[in-house]
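Morning, everyone. Please look at the model on the screen. I'll start with where the chains meet, then turn to the cores.

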Amino acid sequence: MLCKRIIPCLDIKNGRTVKGINFLDLRDAGDPVELAKFYSENGADELVFLDISATEERRKTLADLVLKVAETINIPFTVGGGISSVEDVEILLNNGADKVSINSSAVKNPQLINDLASRFGSQCIVVAIDAKQIDANWKVHLVGGKVLTELDLFEWAKEVEQRGAGEILFTSMDHDGTKNGFANEALSKLSTALNIPIIASGGAGTMQHFTDAFIEGKADAALAASVFHFKEITISDLKNELQIQGIPVRITN
Amino acid sequence: MKIVIINYGAGNIQSIKFALKRLGVEAILTDNETEIRNADKVIFPGVGEASSAMQKLKASGLDKVIPTLKQPVLGICLGMQLLCNYSEEGNTEGLSVFDVDVIRFSNEVKVPQIGWNQIQNLKSELFQNVAEKEFMYLVHSYYAPLCKETISTSDYGIHYTSALQKDNFYGVQFHPEKSSTAGEQILKNFLEL
């Protein structure tokens with residue numbers, strides 16, 4: 001049976017992890033490679049690296065990082081942040097990334113999804129969608145929720161599926177950072193309406209929240225950052241709990 | 001030991017190269033027939049779409065080389081599928097090593113299947129020291145049904161083939177290079193065949 005996936009997300013700026021990551025047992029918690037290795041050895045099913053740097057060297061820095069991560073870890077990983085062309089994607093995949101995630105560039109140029117899917121295959125194209133509710137309608141936002149678009153979450157999700165996305169990473173801006181649980185109603189609606197996997201993001205605070213995202217939200221995978229980085233939840237405890245709840249997960253020893 | 005990864009412009013070759021490096025083996029990436037024929041072991045990778053991958057193989061003449069290889073050959077993911085008779089994806093004639101046709105998952109399940117699934121009914125030296133129901137990482141929309149060359153099965157809506165073997169040819173639908181320590185064991189077993 002296919003397992004539900006647990007995905008830690010690492011924010012990267014200029015080749016370093018950001019957001020206070022305080023693993024005491026890591027030599028250099030700011031080193032994304034070291035952190036990635038830690039997670040890969042401690043039960044993570046996949047990793048997401050989100051590059052938030054805004055420098056001119058960012059493309060090269062990210063490409064170098066991908067190469068080092070691929071050399072080190074033995075689980076799949078996705079890279080996102082500022083990816084806007086077929087050339088960008090080619091470099092990252094050639095360096096060993098398994099998937100890339102696109103967000104604003106897909107909204108600005110939806111044809112990019114078709115181009116990437118036909119060139120590299122749907123399986124490596126993740127479309128990230130950030131949305132929040134405005135007057136009971138889920139609206140797509142860009143730039144980490146700062147810029148409102150006219151797009152409706154469910155219509156846009158359907159369109160990206162039709163254009164060839166292999167997966168959707170849905171972040172609820174209303175839930176992100178609250179630690180009050182994932183946007184299960186919207187997740188469930190997405191998961192039912194679409195026939196590609198949905199990754200839940202935004203709101204993880206407790207182990208019960210993950211259970212809810214998988215059962216109520218019908219999510220295929222759940223992504224979180226701070227609860228893992230601050231060791232509020234360990235992946236092995238989480239997976240044991242999910243298994244008790246009857247959710248199929250990959251248990252590692 | 002000389003290990004060759006067939007480089008025909010389709011797929012995540014870097015990851016396989018790195019996985020072998022973690023096992024202490026420096027693999028050679030090549031599309032050169034002589035180099036491939038002289039290797040002790042050949043890895044035939046593949047990610048992407050079947051018909052365009054097959055076109056690339058034909059353009060380099062590798063479609064004639066691969067089925068005639070005598071040393072152990074491991075097809076991974078699309079590499080495994082291209083070793084079959086035919087794939088529904090892009091209506092593609094395969095290399096006909098494995099006597100099975102690759103078809104698409106039904107829409108009763110999410111397609112592609114992405115993530116960790118269990119492999120079972122293991123029957124091959126490829127799976128030495130690998131437990132029944134071990135987890136492997138898979139990403140695919142098409143699959144090989146059960147057939148006489150099946151050496152491992154998985155469940156995704158249906159019971160299907162997750163690995164094949166015929167003579168010196170092995171094919172795995174999953175990605176051993178991305179399947180943690182259990183995947184590394186399978187690569188190690190292949191290197192030791």
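One term before we begin: contact means heavy atoms within 4.5 Å. Keep in mind that this is a predicted model.

So, how many residues does each chain bring to the contact? Chain A gives 37 residues, and chain B gives 30 residues. Together the two chains bury about 2600 Å². Carbon and sulfur atoms give 51% of that area. On the chain B side, three residues stand out: B:Lys110, B:Ile114 and B:Trp116. They supply 29% of the area that chain B buries against chain A, more than any other three residues.

Now the polar side. Between the chains, 19 residue pairs are in polar contact. Which element of chain B supplies the largest share of the side that touches chain A? That is S8(B), with six residues. By type, this side of chain B has 11 nonpolar, 12 polar and seven charged residues.

There are also three salt bridges across the interface. In one salt bridge, B:Lys110 meets A:Asp220, at 2.7 Å from N to O. B:Lys110 is also one of the three residues I named for buried area.

Next, the cores. In soluble globular proteins, nonpolar side chains tend to be buried together. Here the largest nonpolar core has 81 residues. Five of them touch the most other members: A:Leu47, A:Phe77, A:Phe170, A:Phe210 and A:Phe228. Take A:Phe170. Beyond its neighbours within four places in sequence, A:Phe170 contacts residues including A:Ile129, A:Trp138, A:Leu153 and A:Leu190.

A second, separate core holds 36 residues. Among them are A:Leu2 from chain A and B:Ile16, B:Phe105 and B:Leu126 from chain B.

Note on methods. Residues are numbered from 1 along each chain as its sequence is written. Chains are lettered from A and ligands numbered from 1 in the order in which they are written. This is a predicted model: local features need pLDDT of at least 70, side-chain atom pairs count only at pLDDT 80 or more; totals for chains, interfaces and linings use all residues. Side-chain values use heavy atoms; hydrogens and water are left out. Buried area is the accessible area (1.4 Å probe) that two parts lose on being put together, summed over both. A salt bridge is a side-chain nitrogen of Lys or Arg within 4 Å of a carboxyl oxygen of Asp or Glu. A polar contact is a pair of N or O atoms within 3.5 Å; within protein, one must be able to donate a hydrogen and the other to accept it, and residues adjacent in sequence count only if both atoms are side-chain atoms. Helices (H or I, at least four residues) and strands (E, at least two) are DSSP runs, numbered from the N terminus. Ala, Val, Leu, Ile, Met, Phe, Trp, Tyr, Cys and Pro count as nonpolar, Asp, Glu, Lys and Arg as charged, and the others, Gly among them, as polar. A nonpolar core is a set of buried Ala, Val, Leu, Ile, Met, Phe, Trp, Tyr and Cys residues joined through side-chain atoms within 4.5 Å. Buried means under 20% relative accessible area, exposed over 50%, partly exposed in between (1.4 Å probe, protein chains only).
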